[in-house]
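Got your viewer ready? Take a look at the model below, and then we can walk through it one selection at a time.

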Amino acid sequence: MPVRCLTLDRPLDLRGTLPGIVSGDPGRRRRNGVLRLAGRRGTDPFQVALEVVGTELVAEAWGPDADETLEDLPRLVGEEDDETGFVPRHDALVDLHRRHPGIRMGAQGRPWEFLVAAILGQKVTMTETSRALVGLARSLGEPAPGPEGLWLLPPAEIVAGTPTYDLHPLGVERRRAETLVRAAREASRIERAAATGSARLDTVLRSIRGVGPWTSALVRDRALGDPDAVPVGDYHLPNGVAWLLAGEPRADDTRMLELL
């Protein structure tokens, strides 16, 4: 399998740079310092294994487009991030930046797959989201290339043709199932929008009934590495931001955005 070594000129925290949306993602695994990600480049499946060894990032890829997957490595891990002009002034941010120098804004691509996870995560617990995601991969997806037993989510065309009642046994009620199928029918438009940038992708995503600012922000954060994608509508986030930045135990979205 093709391997690429990327020399790092600054720390890299793989776990913080390449977050998933839920734990238990069937296309993601972290073990013994190696982070494995699986997905599709267009229609072709891939798996990439990433490990920081000293001052190098070592990556190995599987799948028909393994070489192309490795070509995207710098963008994937935020190696192209430009911190020019970023000067944290709040004491909490200064401390976080000092303690976590390896966290970057990785652009993982695959907006459709992150949209699936975000839709399945609407108004339910992380456990329910993970169960639905695994069920969807196992029932309509396929095994990923490479070792470790990772699974791929189904491509959009399969989801688009799936009756919503077939998703009910996976724990996906009618509302989320209908949103998922509607999104699948717009997958080509979503991919084109993602190629033009975060603003256009946000517009396209939010034109789909059932996709709001929370879902769009999660997709743009993970797929494009957008540092300004704030998931408005999150149940916990406003309180966490308010406590960190202002010592206030409770806040709504308006207050959170003011503080940010």
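What follows is a short tour of this predicted model, with something to select at each stop.

**Stop one: the sheet**

Start by switching to a cartoon view and finding the open sheet of 5 strands. Going across it, the strands come in the order 1-5-4-3-2, and the pairing is antiparallel. Strands of a sheet pair through backbone hydrogen bonds, either parallel or antiparallel. Now color residues 3-7, which are strand 1, and residues 28-31, which are strand 2. These two stand at the edges with a single partner strand each, so one side of each has no neighbour in the sheet. Turn the view a little and look for the twist, which averages 20° from one strand to the next.

Next, select residues 34-41 to bring up strand 3. Strand 2 and strand 3 pair in the antiparallel sense, with 4 bridges between them. To pick out one bridge, show Arg30 and then Leu35, its bridge partner in strand 3.

**Stop two: a loop residue with a positive phi**

Where does Asn32 lie? Select it and you land in the loop between strand 2 and strand 3. Asn32 has a positive phi of about 55°, although it isn't a glycine. Its relative accessibility is 73%, so Asn32 counts as exposed.

There is another residue to look up here: Glu148. Its phi is positive too, at about 80°, and Glu148 is not a glycine. You'll find Glu148 in the loop between strand 6 (142-143) and strand 7 (151-152). With 32% relative accessibility, Glu148 counts as partly exposed.

**Stop three: salt bridges**

How many salt bridges does a search of the whole structure find? The count is 20. Let's visit a few of them.

Begin with Asp9 and Arg10, where the closest N and O atoms are 3.8 Å apart. Is Asp9 buried or exposed? At 66% relative accessibility, Asp9 is exposed, while Arg10, at 24%, counts as partly exposed.

Now jump to helix 10, residues 198-206, and show the side chains of Asp202 and Arg206. They meet in a salt bridge, 3.6 Å from N to O. The two are 4 residues apart in this helix, which means about one helical turn separates them. Asp202 is buried, with a relative accessible area of 17%, and Arg206 is partly exposed at 44%.

Keep Asp202 on screen and add Arg220. This pair also forms a salt bridge, with the closest N and O atoms 3.7 Å apart. Because Asp202 lies in helix 10 and Arg220 in helix 11 (residues 213-224), the pair ties together parts that are 18 residues apart in sequence. Arg220 counts as buried, at 10% relative accessibility. Add Asp226 as well: salt bridges with shared partners join Asp202, Arg206, Arg220 and Asp226 into one network.

**Stop four: the nonpolar cores**

In soluble globular proteins, nonpolar side chains tend to be buried together. The largest nonpolar core here has 40 residues. To find it, select Trp112, Leu115, Val116, Leu120, Leu136, Leu180 and Leu201, the residues with the most contacts inside it. Several helices supply at least two residues each to this core, among them helix 6 (126-140), helix 8 (174-184) and helix 9 (187-196). Which helix gives the largest share of this core? That is helix 5, with 8 residues.

Zoom in on Trp112 and display what surrounds it. Leaving aside neighbours within four places in sequence, Trp112 is in contact with Pro154, Pro155, Ala156, Val159, Leu180, Ala183, Ala184 and Glu191. There is also a second, separate core of 18 residues, including Leu8, Leu37, Ala59 and Val77.

**Last stop: Leu257**

Finally, select residues 253-259, which make up helix 13, and pick out Leu257 within it. Leu257 is partly exposed, with a relative accessible area of 43%. Which residues is Leu257 in contact with, leaving aside its neighbours within four places in sequence? Show Val230 and Val232, and you have them. Then draw a distance line from the C-alpha atom of Leu257 to that of Leu70: these atoms are separated by 37 Å, and the two residues are 187 residues apart along the chain.

Key
Residues numbered from 1 in each chain as written. Predicted model: local features only at pLDDT ≥ 70, side-chain atom pairs only at ≥ 80, totals over all residues. Heavy atoms only, no water. Pairing = 2+ DSSP bridges. Axes fitted to C-alpha atoms, helices over the stretch in contact; angles between N-to-C directions. Salt bridge = Lys/Arg side-chain N within 4 Å of Asp/Glu carboxyl O. Buried < 20%, exposed > 50% of the residue type's maximum accessible area, 1.4 Å probe, protein only. Core = buried A, V, L, I, M, F, W, Y, C linked by side-chain atoms within 4.5 Å. Contact = heavy atoms within 4.5 Å.
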